[in-house]
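Reader: I'm in my first year and still learning to read structures. Could you take me through one helix closely, and then through what surrounds it?

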Amino acid sequence: MQLASEWPEMRGRRPSRTVSDPTAVRLKAGHTLTVTETALIFLQDARRRGELCQPLDWIPEVHHPIGSGEAVIPDALLYYRRGPVDGDNGSMLRAFVEVDRATMGPERLAAKLTSYERLYRYVSVAPGRRPTLQEPALEEWRRRYPLFPRVLFVLDGTGPAGVENRISTLRAGAGLLASFPYDVPVLVAPLADLLQHGPSAPVWRPVHEPDQRVPWTGHAFRQM
């Protein structure tokens with residue numbers, strides 16, 4: 001950073017707080033490594049199963065506006081095509097992936113559910129225009145995806161008790177969101193389970209019914 005700041009192209013520019021704060025840099029670097037490790041787990045598992053998921057199918061930090069200048073920015077957007085092993089002619093799956101290293105409180109983690117619910121409902125209307133019968137209001141996500149992507153929370157950085165605490169908080173947060181957790185698969189799993197069993201194994205827990213164990217590639221919930 002110090003060397004780059006001396007380049008003529010960088011004159012007059014100040015480094016961001018993340019770059020100048022050693023603690024922030026350390027946390028960001030640790031998070032990036034865990035996100036990369038998660039990506040590799042999915043890529044390796046797809047290769048083992050004969051399914052299609054390549055490095056460019058893992059897209060970090062895709063921006064999704066939800067109005068009022070706010071946005072949902074998942075750690076990654078995952079594209080994954082199932083193979084003949086699943087017997088469904090290779091359907092395409094998409095997932096928003098959130099990797100949590102226990103650097104934020106459980107309540108802040110659960111608040112992300114509200115953001116995804118807002119994205120699910122968000123309709124962008126151009127100023128001065130109103131929906132009509134010919135052009136009804138359309139949720140913004142439908143312009144990008146035929147189905148709303150699944151939401152996968154990957155937990156790391158804490159022991160079993162911490163994992164259960166965070167899952168309980170996610171469950172409580174899901175209980176405040178009416179139908180969203182039933183319309184969209186929202187699943188949570190410890191990174192340790194993905195490493196041991198692979199992400200295609202039934203190690204994922206629906207946030208509204210965390211006693212269940214399901215594969216993340218299971219049949220999608222209903223979506224309006």
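Author: Let's begin with the outward side of helix α3, where Glu-107 and Arg-108 are exposed. Exposed means over 50% relative accessible area, buried means under 20%, and partly exposed lies in between (1.4 Å probe, protein chains only). Helices are DSSP runs (H or I, at least four residues), as are strands (E, at least two), and both are numbered from the N terminus.

Before going on, please keep in mind that this is a predicted model: local features need pLDDT of at least 70, side-chain atom pairs count only at pLDDT 80 or more, and totals for chains, interfaces and linings use all residues. Residues are numbered from 1 along each chain as its sequence is written, and side-chain values use heavy atoms, with hydrogens and water left out.

Now look at the other side of α3. Pro-106, Leu-109, Ala-110, Leu-113, Tyr-116, Glu-117, Leu-119 and Tyr-120 are buried there. These buried residues lie on the same side of α3 because they cover an arc of only 160° around the axis, taken from the directions from the helix axis to the C-beta atoms. An α-helix has 3.6 residues a turn, so residues three or four places apart point the same way.

You can check the length of α3 (residues 106-121) too. Its 16 residues should span 22 Å, and the end C-alpha atoms are 24 Å apart, which agrees; the expected span is 1.5 Å times one less than the number of residues.

Two residues of this stretch lead us onward. Glu-117 belongs to a network of salt bridges with Arg-121 and Asp-183. A salt bridge here is a side-chain nitrogen of Lys or Arg within 4 Å of a carboxyl oxygen of Asp or Glu, and the structure holds ten of them.

Leu-119, in turn, helps line the largest cavity, together with His-64, Pro-65, Glu-140, Trp-141 and Arg-144. On a 1 Å grid over the protein atoms alone, a cavity is a set of points where a 1.4 Å probe fits but cannot get out, and lining residues have an atom within 4 Å of a point. The volume of this cavity is about 30 Å³, meaning the space filled by probe spheres set on the points.

One lining residue, Glu-140, also forms a salt bridge with Arg-143, with the closest N and O atoms 3.3 Å apart. Arg-143 is exposed, at a relative accessible area of 53%. Glu-139 pairs with Arg-142 in another salt bridge, at 2.8 Å between the closest N and O atoms, and Arg-142 counts as partly exposed at 26% relative accessibility.

Methods
On a 1 Å grid over the protein atoms alone, a cavity is a set of points where a 1.4 Å probe fits but cannot get out, and a pocket is an open set with protein on both sides within 12 Å along at least five of seven lines; lining residues have an atom within 4 Å of a point.
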